[in-house]
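Student: I'd like to take a close look at one part of this model with you. Could you walk me through it once it's up?

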Amino acid sequence: MDAERISSRKNKYIAHLRALASDADYRYACAEYLCDGIKLLSEALANGADIAEIYLRGAKPAGNMPEVPVYSLSEDVFDYASPLEHSPGPLFTVRAKPLPESVRPERVIVLENVQDPGNVGTVLRTAAALGTELVVLLGDCADPYNPKTVRAAMGALFRQRLWETDLATLCAKLREWELPLCGAALRAESVDVKCVSLRRAAIAVGNEGRGLTDALLEKCDTKIILPMT
């Protein structure tokens, strides 16, 4: 498979990559996000991610490339397009998968106003490792498709179900799924997490500095705490 050569920064594909890297509204309009690196590409291929395009750093296509458009970028154009400094590549774009209507999870993590992309990515990675069926993002959370979040997730986005919604819609779904909502909160009435069954539950974690909002805490069936020695 021959790769189309791109050597101009004004090329429409380069403009697309730059916008995916920097503009959340553009990412959501395209339902697509940008990834960087051979390890992430291997993870994407292994997990059946819907790869749209691949962009190589001044190289010819290697073996085992998927049947998608492949482009070869000159060194300077690749550096211009990549959100990372001195990235060896490749860059590739992935189509975001919507939440299936049929999903009925038993283990859910809810993040509310978690603003650090590294924290959101780490939770996605941990949730995937523990077999959590769904991660829900509420309020002013970091964009899960921001390149920083994608890197922190280390491939988890390719296998972890993700849903961005509002509190009212989430609560309606939790009632439909018959899942209790447990909020992590430093409150007098909070129960030691070891005393609560989390086998079938949604667990909510709040902002790094302020925790969960009162609005969400009012919807919680139980408030839980992780005692610190």
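Student: Is Y145 buried or exposed, going by its relative accessibility?

Tutor: Y145 counts as buried, because its relative accessibility is 12% (buried is under 20% relative accessible area, exposed over 50%, partly exposed in between, with a 1.4 Å probe and protein chains only). Keep in mind that this is a predicted model: local features need pLDDT of at least 70, side-chain atom pairs count only at pLDDT 80 or more, and totals for chains, interfaces and linings use all residues. Residues are numbered from 1 along each chain as its sequence is written, and side-chain values use heavy atoms, leaving out hydrogens and water.

Now for the company Y145 keeps. There are 6 aromatic pairs, where rings of Phe, Tyr and Trp (its six-membered ring) pair if their centres lie within 6.5 Å; planes under 30 degrees apart are stacked, over 60 edge-to-face, and the rest tilted. In one of these, Y28 and Y145 have ring centres 6.0 Å apart and planes at 65°, so they sit edge-to-face. Y28 comes from helix α2 (residues 24-30), while Y145 is in the loop between β7 and α6 (147-153), so the pair ties together parts 117 residues apart in sequence. (Helices are DSSP runs of H or I, at least four residues; strands are runs of E, at least two; both are numbered from the N terminus.) Unlike buried Y145, Y28 is partly exposed, at 39% relative accessible area.

Elsewhere, ring pairs link Y13, Y55 and Y71 into a cluster.
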